[in-house]
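Please open the structure in your viewer and keep the selection panel at hand. This tour moves from one selection to the next and says what is found at each stop.

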Amino acid sequence: MTEEKSLNFIEEIVESDLASGKYKNIVTRFPPEPNGYLHIGHAKSITLNFSLAKKYGGYTNLRFDDTNPVTEDIEYVDSIKDDIRWLGFEWKQELYASDYFDQLFQFALKLIKEGYAYVDDSTSEEIATMKGTPTQPGVNSPFRSRSVEENISLFTQMKDGKFKDGEKVLRAKIDMSHTNMLMRDPVIYRIKHAHHHRTGNQWCIYPMYDFAHGQSDSIENITHSICTLEFVPHRELYDWLIQKLEIFPSHQYEFARLNMTYTVMSKRKLLQLVNEKIVAGWDDPRMSTISGFRRRGYTPESIHLFCEKIGVARRENLIDIGLLEFCLREHLNKIALRKMVVLDPVKLIITNYPEGQSETLTSEDLHGENSPIRNIPFSRELWIEQEDFLEEPDKKWFRLAPGKMVRLKSAYIIQCDKVEKDNTGKVTEIHCSYIPNSKSGNDQSGLHVKGTIHWVSVQHAIDIEVRLYDRLFTIEDPANAEGDFKDYINPNSLKVKTAKAEPSLANSHIDDRYQFIRKGYFCLDSDAKPQSPVFNLSVSLKDTFAKKK
RNA sequence: UGGGUUAUGGUGUAACGGUAGCACUACAGAUUUUGAUUCUGUCUGUCUUGGUUCGAAUCCAGGUAACCCAACCA
């Protein structure tokens, strides 16, 4: 059965361009500004650009849009490259808009020579005022009619550092009464005496986005320049500049950016969370950054699946973060090694199991058949989960309770005989007896129990730190809520506890993925040290029982 | 009050004038040594008003709503 997958609108454009012979193959680019870490929204864009080129036999460039030296930094270019590689994509060329500064300067000169650009001495406030408003046309700058010679001379002096920041700008000469505000003589070069992370102090004028992005696309022969919806109004300017410059006609296409519930997606907001130490850093496992998800235990596969499922369209969206979690579980369920870990321990004593005795049982590492198996020590005293015992359960309870039976996963069936409590009424010990002929894999007891619980042998258990994460925000759309988004931080987004784990967890590696049975998926955190393992909750298991309560 | 963009179940996304489909979620059931997984089933949708047409989610006109645009940010 061939299931025909429908194309998204960009694939349709590409297919039609290919079919019409407009292009023989396509070239895309991913153009981050190195002023922050990449987030899951970028993953959507990365996946779109790289997958598209791969699917249609083209390639993708990685181009850093580094035209604003005051906000950009080498730290960010390194992290961006790491993240893209981790996602599994390979760029054809690693490029920088700053590679084109000379070329861009020549482009500007060409515009000036043809009367399409001029140097303006107005202040930014004056320029803003003269620009008008969306409902009122702007007025021409008094400097708009300078001669070509004067403009060339002034622009060259700008480049040569003859002026201070803000003293002059170069503007495209288009139409001050255009309905599109971006066409009202946009600034295309400004003076910034700033150190650039690549060109150093070579330049003191820097092109604006609109005079760098499209031109870079063109220089690289990008066929499909894909960006998000807020750039729709820029497209007219993008096309205008390419036409006046008479360079390769790249085309811009826009799609709706990713928004996700219970998180924020803007670099500015993420930076605030980092700077104000609300999170531990850009790669804090609660962050929506790619590095955050990676540290949290997400896999590239899970993110690919997510990007495939959310689709690509042109309408605003707010994706349920539950879908991302679903995609993670979907992958982890197949690969995560099963382990037994008790998060909130209470002691269970098997009174008819000899003191001092222990035995080695085996358990499956994975769910399906043909799973590898591992050894687990069993003994008289065990840790079990507090929530797996209830003194006065209702009829739907099938875990442990006085007089009730459960199976200890991969071990024996036990029956609860008695409980010990402290003077506050808290259960301190649960006394049970086990059914010797009910051993897992060789059960001759004929008993049928509904519940199975996990456990760890007290004398063999190791202590591990577990970090349990919850969503960072308490409301679905903090970015668009009333007031400051930080008012909606979830105070319980991180809980740390010491858990009792089966000994095999002592030698874990950073890329290993685990399922702590009946609890969730976990991975070793980068804070872990050989003698003090730390595990992150990647995502909990679906829990229909807890939900019903 | 100008210009641009978009409206399909709770959330996403298809259907390109001819049966509104898929996924997630929710709910119900089966299986289960993870209340997980797996399997089966159920609920819920074309913004609105007109028009064209044998036939409209799709085409046309008018409304309505949401988002974007007045950085020397990208």
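## Starting in the sheet

Begin by selecting Arg-467 and then Val-496, which is its bridge partner in strand β22. Please keep in mind throughout that this is a predicted model.

Extend the selection to the whole of strand β21, residues 462–469, and of strand β22, residues 494–501; the two pair in the antiparallel sense, and eight bridges join them. Six of the eight residues of β21 are buried, so this strand is largely enclosed by the rest of the structure.

Now add strand β25, which runs parallel to β21 and is joined to it by three bridges. To see this pairing at the level of residues, select Val-466 together with Phe-535, its bridge partner in β25. Strand β24 (residues 520–524) comes next, paired with β25 (residues 534–540) in the antiparallel sense over five bridges; here Gly-520 has Ser-540 of β25 as its bridge partner.

With these strands displayed, colour the full sheet, which is open, has seven strands in the order β10-β23-β24-β25-β21-β22-β11, and shows mixed pairing. At its edges are β10 (337–339) and β11 (341–342), each of which pairs on one side only. Strands of a sheet pair through backbone hydrogen bonds, either parallel or antiparallel.

## Charged pairs

Next, show the side chains of Arg-295 and Asp-525, which meet in a salt bridge with an N to O distance of 2.8 Å. Arg-295 belongs to helix α10 (residues 290–296) and Asp-525 to the loop between β24 and β25, so the pair ties together parts that are 230 residues apart in sequence. Are these two residues buried or exposed? Both Arg-295 and Asp-525 are buried. Widen the selection to Asp-283, Arg-295, Glu-465, Arg-467, Asp-525 and Asp-527, and you have one network, joined by salt bridges that share partners. Arg-467, where the tour began, is thus found again in this network.

Move on to Glu-230 and Arg-257, whose side chains form a salt bridge at 2.6 Å, N to O. Glu-230 is in the loop between β8 (224–228) and α8 (234–245), while Arg-257 is in the loop between β9 (251–255) and α9 (267–275), so this pair ties together parts that are 27 residues apart in sequence. Glu-230 counts as partly exposed at 39% relative accessibility, and Arg-257 also counts as partly exposed, at 35%.

A further pair to select is Asp-121 and Lys-168, with a salt bridge of 3.6 Å, N to O, between their side chains. The loop between β4 (117–120) and α5 holds Asp-121, and the loop between α6 (148–159) and β5 (169–172) holds Lys-168, so the pair ties together parts that are 47 residues apart in sequence. Asp-121 is partly exposed, with a relative accessible area of 25%, whereas Lys-168, at 9% relative accessibility, counts as buried. The count of salt bridges comes to 41.

## Helix α4

Select residues 101–113, which make up helix α4: its 13 residues reach 18 Å from the first C-alpha to the last, close to the 18 Å expected at 1.5 Å a residue. Which of its residues are buried? They are Phe-101, Leu-104, Phe-105, Phe-107, Ala-108, Leu-109, Leu-111 and Ile-112. Just after α4, check the backbone of Gly-115, which takes a positive phi of about 80 degrees.

## Around RNA strand B

Finally, display RNA strand B and the 63 residues around it, of which Glu-12, Arg-338, Arg-399, Ser-440 and Lys-547 come nearest. The residues of this surface divide into 21 nonpolar, 21 polar and 21 charged. On the RNA side, 59% of the strand B atoms within 4 Å of the protein belong to sugar or phosphate, and the rest belong to bases.

Three contacts with the protein backbone deserve a distance label. At Ser-122, a polar backbone atom is 3.1 Å from a base nitrogen of RNA strand B. At Leu-318, a backbone N or O atom lies 2.7 Å from a phosphate oxygen of the strand, and at Gly-441 a backbone N or O atom lies 2.9 Å from a base oxygen. To complete the view, colour the elements that give two or more residues to the surface near RNA strand B, namely α5 (124–130), β6 (187–191), α11 (300–310), α12 (321–335) and α13 (544–548).

How values were computed:
Residues are numbered from 1 along each chain as its sequence is written. Chains are lettered from A and ligands numbered from 1 in the order in which they are written. This is a predicted model: local features need pLDDT of at least 70, side-chain atom pairs count only at pLDDT 80 or more; totals for chains, interfaces and linings use all residues. Side-chain values use heavy atoms; hydrogens and water are left out. Helices (H or I, at least four residues) and strands (E, at least two) are DSSP runs, numbered from the N terminus. The expected span of a helix is 1.5 Å times one less than its number of residues. Buried means under 20% relative accessible area, exposed over 50%, partly exposed in between (1.4 Å probe, protein chains only). A residue is near a molecule or strand if one of its heavy atoms lies within 4 Å of it. A polar contact is a pair of N or O atoms within 3.5 Å; within protein, one must be able to donate a hydrogen and the other to accept it, and residues adjacent in sequence count only if both atoms are side-chain atoms. Ala, Val, Leu, Ile, Met, Phe, Trp, Tyr, Cys and Pro count as nonpolar, Asp, Glu, Lys and Arg as charged, and the others, Gly among them, as polar. Two strands pair if DSSP finds at least two bridges between them. A salt bridge is a side-chain nitrogen of Lys or Arg within 4 Å of a carboxyl oxygen of Asp or Glu.
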